[in-house]
Amino acid sequence: MNLHIVPDNSFINKFCDNLQELGLRENNRIVVRSNERVLKSVKHDLPFAPLYSKQFSSFIGDTTQYRKTFIHYLTPLFYRWLATHKFQEVNWIIWGGDLYNLPALDKVCYEPKTWNEYVKKDWSAQTLLYNLKIKVTQRPFQQGAYSKVKNLLTWMDEEYNFAVSHLPVKAGRRFFFYENQLPYGKLDSLVKPFQSLRQPVLILGNSGSPTNNHLDAVQYLEDNQIHVDLHVPVSYGDKRYISFLKENLKFSFGKIEFVDRYMPFEEYLNFLGAADGLIMNTIRPQGYGNILMMMYLGKPVFFNPKNISLPDINSAGLKWMPIERLKFSDFKVEVQNKEAVLNLLSHDRLAQDYQLLFS
């Protein structure tokens, strides 16, 4: 029997579905760590409780009984729990925020305008109390926690390299990815044809997270007088930052529309398909659901050239453009990436990897 400790996130729904499809569900106990009374995103009937509660401990039982333990999204709140329990094998499934947004590494994620105008000035009593709690109750156990990790699970070599070079973790690497609600090969039938004579529309970022460096991206568009309309997804993320963006993000050469409502998957897919391209001004890897769906649909994706994951994109044969190409693009050329996306993250590959990891 394997143990999975997961967050309350919609990706866990498809993860459970895939385990069920592959006949692995009975061999994998899944417990959601949550402080809420009702799960918001996980739709499966899974046990859930706060991490250090008696109820959580009762759901887990003896941690040595599990052949493998998988921590999905290993935040600093896990340090004491991992360090003070015994395991046969611990595996860390990296989500991004549990790596790049750690306090000691956080600054690497930001471009100057975002850092100076928002991140340096952003504080709240809640944030201060959380950081104090981590420093007092968890930081002393950091080394002991990471020392127990045997494998890091990610589809990116560079993410693994970043982790082992910045954290006290000596672990191997296993290939893993979460699947979208539908495998990439089934997207074609859901995308409606879209043609328009309007000014080009670009999607900027994937969420209301400051690591998207929205301010710097729009400043680049402004400085180079690039005439586009911008759709900015902010249906989830940092509420303070989203309010800041709505008040402060200005652009002279096109309209800005904040997309702040949740969309069902098919509607969101067609929202992506109706755009002419995607700007990801992130330095840390994030938003790969959006990125790979846009690439699969033949849309240009404009990356910050500092993005840590670009060597993995190149290795996979995926075509991308640096943000500087925005000055020269007419946004109407289809970029052939469909086969490369399928080769990298196909459902068949997922099935093989999940059998190896979770049997």
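Here are five short exercises, each with a worked solution, on the predicted model shown above.

**Exercise 1: The big sheet**

Work out which strands sit at the edges of the 7-stranded open sheet, and how strand 4 meets strand 5.

*Solution.* Start with the layout: 7 strands form an open sheet, and their order is 3-2-1-4-5-6-7. The pairing in this sheet is parallel. Now look at the two ends of that order. Strand 3 (48-49) and strand 7 are the edge strands, as each of them pairs on one side only. Next, zoom in on one neighbouring pair. Strand 4 and strand 5 (residues 90-93) run parallel and are joined by 4 bridges. For a landmark, find His-72, which stands opposite Ile-93 in strand 5.

**Exercise 2: Strands 8 and 9**

Find out how strand 8 pairs with strand 9, and decide whether strand 9 is enclosed or open.

*Solution.* First, the pairing: strand 8 and strand 9 (residues 229-233) pair in the parallel sense over 3 bridges. Two partners help you line them up. Leu-202 has Leu-230 as its bridge partner in strand 9, and Ile-203 has His-231.

Then check the faces. In a regular strand, side chains alternate between the two faces of the sheet. In strand 8 (residues 201-204), Val-201 and Ile-203 are on one side, Leu-202 and Leu-204 are on the other, and all are buried. For strand 9, Asp-229, His-231 and Pro-233 point one way, while Leu-230 and Val-232 point the other way.

Last step: 5 of the 5 residues of strand 9 are buried, so this strand is largely enclosed by the rest of the structure.

**Exercise 3: Helix 14**

Compare the reach of helix 14 with its expected span, then name what its buried residues pack against.

*Solution.* Helix 14 (residues 347-358) has 12 residues. From first C-alpha to last, helix 14 reaches 16 Å, close to the 16 Å expected at 1.5 Å a residue. Now pick out its buried residues: Leu-350, Ala-351, Asp-353, Tyr-354, Leu-357 and Phe-358. These pack against several elements, including helix 1 (11-21), strand 1 (2-6) and strand 4 (68-72). Two of the names turn up again elsewhere: Tyr-354 and Phe-358 belong to an aromatic cluster that also includes Phe-11, Phe-70 and Trp-95.

**Exercise 4: Two cores**

Identify the residues that touch the most other members of the largest nonpolar core, and look for another core.

*Solution.* In soluble globular proteins, nonpolar side chains tend to be buried together. Here, the largest nonpolar core has 64 residues, and those touching the most other members include Leu-74, Trp-81 and Leu-326. Its largest share, 5 residues, comes from helix 8 (residues 214-223). Apart from this core lies another of 57 residues, with Ile-30, Leu-46, Leu-278 and Leu-357 among them. Back to Leu-74: leaving out residues up to four places away in sequence, Leu-74 touches Tyr-79, Leu-82, Trp-92, Asp-98, Tyr-146 and Val-149.

**Exercise 5: Rings**

Classify the pair made by Tyr-118 and Phe-244, and say whether Tyr-118 is buried or exposed.

*Solution.* There are 29 aromatic pairs in the structure. In this one, the ring centres are 5.0 Å apart and the planes make an angle of 50°, so the pair is tilted: under 30 degrees would be stacked and over 60 edge-to-face. The two residues are 126 apart in the chain, with Tyr-118 in a loop and Phe-244 in helix 9 (residues 239-248). Tyr-118 counts as buried because its relative accessibility is 6%, and Phe-244 is buried too, at 17%.

Definitions and conventions: Residues numbered from 1 in each chain as written. Predicted model: local features only at pLDDT ≥ 70, side-chain atom pairs only at ≥ 80, totals over all residues. Heavy atoms only, no water. Phe/Tyr/Trp six-rings, centres within 6.5 Å; stacked < 30°, edge-to-face > 60°. Buried < 20%, exposed > 50% of the residue type's maximum accessible area, 1.4 Å probe, protein only. Expected span 1.5 Å × (residues − 1). Contact = heavy atoms within 4.5 Å. Core = buried A, V, L, I, M, F, W, Y, C linked by side-chain atoms within 4.5 Å. Pairing = 2+ DSSP bridges.
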